[in-house]
Amino acid sequence: MDRYGSPLYVYSRTDIENNWREFDSAFGDHPHLVCYAVKANSNIAVLNVLAKIGAGFDIVSIGELERVLAAGGQASNCVFSGVAKTQVEIKRGLEAGIRCFNVESAAELGRIEQVASGMNVQAPISIRVNPNVDAKTHPYISTGLKENKFGVDIDDALVLYKTAQQSKYLSIKGLDCHIGSQLTDVSPFLDALDKVLGLIEILKNQGIDIEHLDLGGGVGIVYDDETTIDIAAYIAAVLKKVGNLEIILEPGRAIVGNAGAFITKVEFLKRNSDKSFAIIDGAMNDLLRPAFYNAYHQVLPVRENAQGIESNWDLVGPICETGDFLAKDRVLSLSEGDYLAIMSAGAYGFTMSSNYNSRPRVAEVMVSDNTHHLIRKRETIQDLFNTEILIND
Ligand SMILES: *Cc1c(COP(=O)(O)O)cnc(C)c1O
């Protein structure tokens with residue numbers, strides 16, 4: 001902390017690698033590609049570590065594509081998801097040679113065809129279907145129900161595949177679904193699998209062959225004491241049903257979530273008759289999940305403090321919002337100046353951070369083989385407004 005300052009994100013390279021390998025090795029010899037969902041944590045050092053061990057990537061923007069390429073990843077291992085790909089993004093994806101576009105609507109399929117025809121190339125596509133299963137997760141991260149904006153109705157997918165089949169600028173590669181995030185029960189995944197396998201059968205009868213099935217991400221992690229999905233058992237259950245079909249997965253949170261912690265310092269202790277507040281230097285702009293999803297993160301002292309004040313602390317940040325808390329009601333023994341580790345912060349932590357309240361975004365560090373490396377410099381005050389322009393008058 002003396003070296004890098006506070007607050008700070010810290011990641012473990014070993015944990016990231018082991019988490020990816022757990023998915024990869026569960027497939028054995030079965031054809032597969034484990035595409036890390038870049039949006040969970042897009043630091044190029046994280047992407048580079050994963051590219052080196054053979055990961056593919058699930059990207060949702062041209063920015064993520066360029067990050068993957070800058071990190072040494074291969075476009076041919078990238079699947080491009082997202083509901084609103086622009087012409088520029090599609091063109092760049094085709095130029096770079098991505099593996100597949102996961103198409104989310106008829107309109108988008110039309111746009112991809114148009115861009116591909118302008119370049120006189122064939123665009124590899126997969127239709128993202130919405131299997132209409134309830135992922136039983138937080139409504140903001142549930143994506144597989146009819147009422148969600150993602151994917152196309154499973155009943156409408158056939159029409160899109162027929163359109164694609166007739167176009168000389170579209171090449172059908174796969175079928176895709178992603179039903180939500182932080183799932184802690186495997187049954188919605190298997191229900192979705194049954195539905196998409198039914199569709200693949202229908203397609204086959206119409207002469208449309210699917211080379212790969214992409215089952216998306218969404219495997220949950222342990223934040224508190226929840227029981228979550230056994231990855232090997234999930235993949236074994238999938239392999240039982242899919243014959244020789246190549247399987248793609250897009251895990252994000254499960255790769256990096258528990259491989260990272262957010263470190264923050266106690267600035268002030270403030271107690272009244274009802275409440276004990278520890279005011280910390282980290283805030284909702286640095287780690288949004290508690291404010292946004294009412295998410296729980298474990299809090300551990302970086303060093304045990306036997307001399308501190310023991311109480312039921314709410315950890316609150318300096319931002320002018322009542323929602324600016326990172327944890328509530330935690331029994332801790334604290335003094336001013338203590339450092340706390342907000343655990344399981346490796347996914348959707350830094351990537352969702354902002355400059356709200358003109359707070360520079362924090363530094364990121366990766367621990368690798370008992371050494372630590374700065375992988376993102378802390379922003380400076382100057383960085384906050386150096387792209388802003390005064391009007392002249
Ligand atoms: C967000 C997302 C993922 C990753 O989800 P996790 O819950 O982090 O595994 C994968 N695929 C798509 C299409 C997504 O939108």
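**Reading a helix pair and some backbone oddities**

Guide: Let's start with two helices in this predicted model. Helix H3 (residues 62–70) packs on helix H4 (residues 87–96) at an angle of about 25 degrees, and their axes are 10 Å apart.

Visitor: How do I read that angle: is H3 roughly parallel or roughly antiparallel to H4?

Guide: Angles under 35 degrees count as roughly parallel, so H3 is roughly parallel to H4.

Visitor: And is the crossing of H3 and H4 left-handed or right-handed?

Guide: The H3 and H4 crossing is left-handed.

Visitor: Which residues in H3 and H4 meet?

Guide: From H3 you get Ile-62, Leu-65, Glu-66 and Leu-69; from H4 come Val-88, Glu-89, Arg-92, Gly-93 and Ala-96. Sorted by class, this H3–H4 contact has 5 nonpolar, 1 polar and 3 charged residues.

Visitor: On to the backbone. Which residues does a cis peptide bond join?

Guide: Look at Ser-6 and Pro-7: the bond between them is cis, with omega about -5 degrees. Pro-7 sits in the segment before strand E1 (8–12).

Visitor: What about phi of Asn-120?

Guide: Asn-120 is not a glycine, yet its phi is positive, near 55 degrees. You'll find Asn-120 in the loop between helix H5 (106–119) and strand E6 (123–130). Exposed means over 50% relative accessible area, so Asn-120, at 58%, is exposed.

Visitor: Where does Asn-132 lie, and how exposed is Asn-132?

Guide: Asn-132 is in the loop between E6 and strand E7 (152–153). With a relative accessible area of 32%, Asn-132 is partly exposed. Asn-132 also has a positive phi, about 55 degrees, without being a glycine.

Terms used. Residues are numbered from 1 along each chain as its sequence is written. This is a predicted model: local features need pLDDT of at least 70, side-chain atom pairs count only at pLDDT 80 or more; totals for chains, interfaces and linings use all residues. Side-chain values use heavy atoms; hydrogens and water are left out. Helices (H or I, at least four residues) and strands (E, at least two) are DSSP runs, numbered from the N terminus. Buried means under 20% relative accessible area, exposed over 50%, partly exposed in between (1.4 Å probe, protein chains only). Axes are lines fitted to C-alpha atoms, for helices over the stretch in contact, and angles run from 0 to 180 degrees between N-to-C directions. Angles under 35 degrees count as roughly parallel, over 145 as roughly antiparallel, 65 to 115 as roughly perpendicular and the rest as oblique. A crossing is left-handed if the near helix is turned anticlockwise from the far one by less than a right angle, and right-handed if clockwise. Contact means heavy atoms within 4.5 Å. Ala, Val, Leu, Ile, Met, Phe, Trp, Tyr, Cys and Pro count as nonpolar, Asp, Glu, Lys and Arg as charged, and the others, Gly among them, as polar.
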